[in-house]
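Reader: Thanks for sitting down with me over this model. Could we go through it together, with the reasoning behind each label?

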Amino acid sequence: MSRPFQFMLSTTKLHLSLSLSFSLSLSLFSVSAINISSNLSSRKKMSSFDWVFLISTLLLLGPILTFSDSSSLSSDGLSEIPSNFLNFAKKSEVFDWMVSIRRKIHENPELGYEEFETSKLIRAELDNMGIPYKYPIAVTGVLGFIGSGKPPFVAIRADMDALPMQEMVEWEHKSKIPGKMHACGHDAHVSMLLGAAKVLQEHHELIQGTVVLVFQPAEEGGGGAKKMVEAGILENVEAIFGLHVAPEFPIGEVASRPGPLLAGSGFFEAVISGKGGHAAIPQHSIDPILAASNVIVSLQHLVSREADPLDSQVVTVAKFQGGGAFNVIPDSVTIGGTFRAFTKESFMQLKQRIEEVITGQAAVQRCNATVNFFAKEKPFFPATINEKGLHKHFRNVAGDMIGIVNTKDMQPLMGSEDFSFYQEMIPGYFFFLGMKDETNGKLPSVHSPYFRINEDALPYGAALHASLAVRYLLEFQPKVPLVNEKYHDEL
Ligand SMILES: [Zn+2]
Ligand SMILES: [Zn+2]
């Protein structure tokens, strides 16, 4: 059962027990009755009993109708919220503050679950803004709260971790830690979420409930989102939004899609063992290099011969380590890589076949093989699947801010995101934030040692986070408190 449906049922029950607010019901009825009466006009005439039944049904289903008809509210000032927020985030004092945070984090990149200084900086800024938070969650994670402290709750999320790679960009704020770099833009993500916090704090009178700020560790393979979920951060949260900077889209543009956006992903590593010896006397050895080579070729047949061509999947061997001399056959070879798919079934089928092919093909060459999927250290990421109702919300909000022509639909990508762990629990929406600005030259892709952030994108990200959350609370949620439910009691 989908979450929105559960929500509808519980609010309906609540209305029954609370004896519904009359004014709310009346306004809902006036919107809904038009639709329903026009639907009925082509059918038989209704008896007075039918009308009584219809009216009482409408009264009970009031919140459902608000959920499905959010666009009818966009005439009363809601449409101005996103552009007002953007103007605020572009103010020089806010912009400069976001830039300075981003640069500070960029200079001191920290890997997954080691984001101690980043987390400290976040908490210091939340303290400065007077925003309460919970810490630590999942080692370094921080959960901030803005608004009434009461339901409904909506979450916005940033990841904090860097990558184990050397920065090659020579600039004033280059990484000061050798071998570590913010090459995926998570430094900008943190800065934008703090920017959103500032926007929200300045406009707190608009928050009809509570916005939860999720600063999570270890997105790059560590599954920090999974640990945050296990810590219970989504308890009673109705929806969550996340973004990623995108060097390939122009600044002032955003892109996403309803349904599957990013693939599910897993990693594997195999040790293929033979028997080492002199390279000139192969008959006395069992050559694991040749076995591993055949394994790799056979793995390529999984997608090309076994998968449905209309069901996108990837198997890539990205690691091959074996031998160190020109004239020695090594004892063993280690290979490793990643596999991707959009459905759980395809994903698990790939996993099973990867193991079978590696062990089976190694055996053909008289080698033994062991396969490790790192299920604990690098949990499989589910596919990132955007909830359809939230897609409409995103288009409305982003359209109001930057124009609907700059709110693009995009094709799915085989990349992955641990944001999907949140989406497994509650409706969630993930989108890409454009950064490209031709005047500054082409921006290298994420995970490049030459990766750069166009800091002009920061106000867009901050304002979008804040607008998506505020408008969600204003448009999607019932106006009555959910008195029967327990909620985040740390406030
Ligand atoms: Zn990344
Ligand atoms: Zn990333």
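Author: Gladly. This is a predicted model, and a good place to start is a helix pair: the axes of H6 and H8 come within 8 Å and cross at roughly 145°.

Reader: Which hand does the crossing of H6 and H8 have?

Author: H6 passes H8 in a right-handed crossing. On the H6 side the contact is made by Val 94, Met 98, Ile 101, Arg 102, Ile 105 and His 106. H8 brings Asp 187, Ala 188, Val 190, Ser 191, Met 192, Leu 194, Gly 195 and Lys 198. By class, that gives 8 nonpolar, 3 polar and 3 charged residues.

Reader: Which residues of helix H5 are buried?

Author: In H5, which spans residues 81-90, the buried ones are Ile 81, Pro 82, Phe 85, Leu 86 and Ala 89.

Reader: How do you know that they lie on the same side of H5?

Author: They cover an arc of only 135° around the axis, so they are on the same side of H5. Their cover includes H6 (92-107), H8, H12 (388-402) and H14 (458-476).

Reader: Let's turn to Asp 161. Why is Asp 161 called buried?

Author: A residue is buried if 20 or more other C-beta atoms lie within 10 Å of its own. Asp 161 has 27 such atoms within 10 Å, and therefore counts as buried. Its place is the loop between strand E3 (153-159) and helix H8 (186-202).

Reader: What is Asp 161 in contact with, leaving aside neighbours within four places in sequence?

Author: The partners are Glu 110, Leu 111, Gly 112, Glu 115, His 186, Pro 217, Ala 218, Glu 219 and Glu 220. Take Gly 112: Asp 161 is 49 residues from Gly 112 in sequence, but their C-alpha atoms are 5.1 Å apart in space.

Reader: Now some backbone details. What makes Ala 138 and Asn 236 worth a look?

Author: Both have a positive phi without being glycine. For Ala 138 the value is about 50°, and for Asn 236 phi is near 65°. Ala 138 sits in the loop between E1 and E2, while Asn 236 is in the loop between helix H9 (224-230) and strand E5 (237-250).

Reader: Are Ala 138 and Asn 236 buried or exposed?

Author: Ala 138 has 22 other C-beta atoms within 10 Å, so Ala 138 is buried. Asn 236 has 16 C-beta neighbours inside 10 Å. The buried class needs 20 or more and the exposed class 12 or fewer, so Asn 236 counts as partly exposed.

Reader: Where are the cis peptide bonds that join Tyr 135 to Pro 136 and Pro 151 to Pro 152?

Author: Pro 136 is in strand E1 (residues 133-137), and omega of the Tyr 135 to Pro 136 bond is about -10°. Pro 152 is in the loop between strand E2 (141-147) and E3, with omega about -5° for the cis bond from Pro 151.

Reader: Over which residues does pLDDT stay under 50?

Author: Over residues 1-74, for which the model has 53 contacts beyond four places in sequence. Where pLDDT is low, the predicted coordinates should not be read in detail. For the chain, the mean pLDDT is 87, and 81% of residues reach 70 or more.

Reader: And the overall picture?

Author: The chain has 14 helices and 16 strands, and 44% of its 491 residues count as buried. Of the contacts between residues at least 6 apart in sequence, 82% join residues at least 24 apart.

Terms used:
Residues are numbered from 1 along each chain as its sequence is written. Chains are lettered from A and ligands numbered from 1 in the order in which they are written. This is a predicted model: local features need pLDDT of at least 70, side-chain atom pairs count only at pLDDT 80 or more; totals for chains, interfaces and linings use all residues. Helices (H or I, at least four residues) and strands (E, at least two) are DSSP runs, numbered from the N terminus. Two residues are in contact if their C-beta atoms, placed from the backbone, lie within 7 Å. pLDDT is the predictor's confidence in each residue, from 0 to 100. The arc is that of the directions from the helix axis to the C-beta atoms. Axes are lines fitted to C-alpha atoms, for helices over the stretch in contact, and angles run from 0 to 180 degrees between N-to-C directions. A crossing is left-handed if the near helix is turned anticlockwise from the far one by less than a right angle, and right-handed if clockwise. Ala, Val, Leu, Ile, Met, Phe, Trp, Tyr, Cys and Pro count as nonpolar, Asp, Glu, Lys and Arg as charged, and the others, Gly among them, as polar.
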